[in-house]
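Reader: I would like a close look at one part of this protein, taken slowly. Please start from a single residue and work outwards to what surrounds that residue.

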Amino acid sequence: MATVADYIALRRADNEPHQVVGRLGPPEALAAAAQRGAIPPHLRRPAAAAPPPVGEAPGASDYAAVGLLTAGAFMLPVLSPLAGLLIATGSPRWTPVQKAAAWVLTAGSVGCSLLFLLIAAASAAPAIPLAMALVTLVAGSFIAGLSLLPGLSPRR
């Protein structure tokens, strides 16, 4: 019964009650797991990544990552955002979803700017596509840096 109670306590906030009870499975499987003294594998919750400790101030590398993604994108459009993304990826400050979104924004903007460069190469008047390539290249990493900016506030 403790196994079932622990499972229900873990899942209470996640699902509706009928879904929680439905996932328990047959009583025989629960009884066998209880005899072994373990929670059945299908009832275990995957371990979540631990966020930074409460009240921990961001480090210099966290500020550098956001700075390289925002201001650095104007100075060195490809290298600076790449360095910022690598620093942000190694930091526990942001969640994996935030890090993935920053990578997608930056990589997507690089891909779009390459498309504009191809258009400029094939165009008779390449000034507008070249300007669009530069704006697109800078905008993606700048938006990625802005999306990571709220993570710099100390956790409460």
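Author: Leu-148 touches Val-66, Leu-69, Ala-88, Trp-94, Gln-98 and Ala-102, leaving out residues up to four places away in sequence. The model in which these contacts are found is a predicted one.

Leu-148 also belongs to the largest nonpolar core, a set of 10 residues. The other members are Ala-65, Val-66, Leu-69, Leu-85, Ala-88, Trp-94, Ala-102, Ala-144 and Leu-152. Two or more residues of this core come from each of helix H4 (60-70), helix H6 (79-90) and helix H8 (127-148). H4 gives the largest share, 3 residues. As a general point, nonpolar side chains in soluble globular proteins tend to be buried together.

One of the core residues, Ala-65, is found in helix H4. Is Ala-65 buried or exposed? Its relative accessibility is 0%, and because buried means under 20%, Ala-65 counts as buried. Beyond its neighbours within four places in sequence, Ala-65 is in contact with Gly-84, Ile-87, Ala-88 and Trp-94. For Ala-65 and Gly-84, the C-alpha atoms are 4.1 Å apart, while the two residues are 19 residues apart in sequence.

Ala-64 is also found in helix H4. With a relative accessible area of 33%, Ala-64 is partly exposed. From Ala-64 to Ile-87 the C-alpha distance is 7.9 Å, with their positions 23 residues apart in sequence.

The next step is from residues to helices. Two packed helices are described by the angle between their axes and the distance between the axes. H4 and H8 pack at an angle of about 150°, and their axes are 7 Å apart. Angles over 145 degrees count as roughly antiparallel, so H4 and H8 are roughly antiparallel to each other. Their crossing is left-handed. On the H4 side the contact is made by Val-66, Leu-69 and Thr-70, and on the H8 side by Ser-141, Phe-142, Ala-144, Gly-145, Leu-146 and Leu-148. By class, this contact of H4 with H8 has 6 nonpolar residues, 3 polar and no charged.

H8 also meets H7. The axes of H7 and H8 come within 7 Å and cross at roughly 175°, and these two helices are therefore roughly antiparallel to each other. Among the H7 residues in this contact are Gln-98, Ala-102, Leu-105 and Thr-106, and the H8 residues include Gly-140, Ser-141, Ala-144 and Leu-148. The contact of H7 with H8 has 16 nonpolar residues, 7 polar and no charged.

H7 has a contact with H6 too. Here the axes come within 10 Å and cross at roughly 165°. H6 and H7 are therefore roughly antiparallel to each other, and their crossing is left-handed. Pro-81, Leu-82, Leu-85, Leu-86, Ala-88 and Thr-89 are the H6 residues, and they meet Lys-99, Ala-102, Trp-103 and Thr-106 of H7. This contact of H6 with H7 divides into 7 nonpolar residues, 2 polar and 1 charged.

Thr-106 appears in the contact of H7 with H8 and in the contact of H6 with H7. Its place is in helix H7 (residues 96-122). At 7% relative accessibility, Thr-106 counts as buried. Which residues does Thr-106 touch, not counting residues up to four places away in sequence? They are Leu-69, Pro-81, Leu-85, Gly-140, Ser-141 and Ala-144. Of these, Leu-69, Leu-85 and Ala-144 are listed in the nonpolar core.

Past the end of H8 comes a segment in which Pro-150 lies. At 56% relative accessibility, Pro-150 counts as exposed. The C-alpha atoms of Pro-150 and Trp-94 are separated by 9.5 Å, although these residues are 56 residues apart along the chain. Trp-94 is one of the residues that Leu-148 touches.

Last, the setting of this part. The protein has 8 helices and 0 strands, and the elements run α-α-α-α-α-α-α-α from the N terminus on. Of its 156 residues, 29% count as buried. Among contacts between residues at least 6 apart in sequence, 59% join residues at least 24 apart.

Conventions
Residues numbered from 1 in each chain as written. Predicted model: local features only at pLDDT ≥ 70, side-chain atom pairs only at ≥ 80, totals over all residues. Heavy atoms only, no water. Helix = DSSP H or I, 4+ residues; strand = E, 2+ residues; numbered from the N terminus. Buried < 20%, exposed > 50% of the residue type's maximum accessible area, 1.4 Å probe, protein only. Contact = heavy atoms within 4.5 Å. Core = buried A, V, L, I, M, F, W, Y, C linked by side-chain atoms within 4.5 Å. Axes fitted to C-alpha atoms, helices over the stretch in contact; angles between N-to-C directions. Parallel < 35°, antiparallel > 145°, perpendicular 65-115°, else oblique. Left-handed = near helix turned anticlockwise from the far one by under 90°. Nonpolar A, V, L, I, M, F, W, Y, C, P; charged D, E, K, R; others polar.
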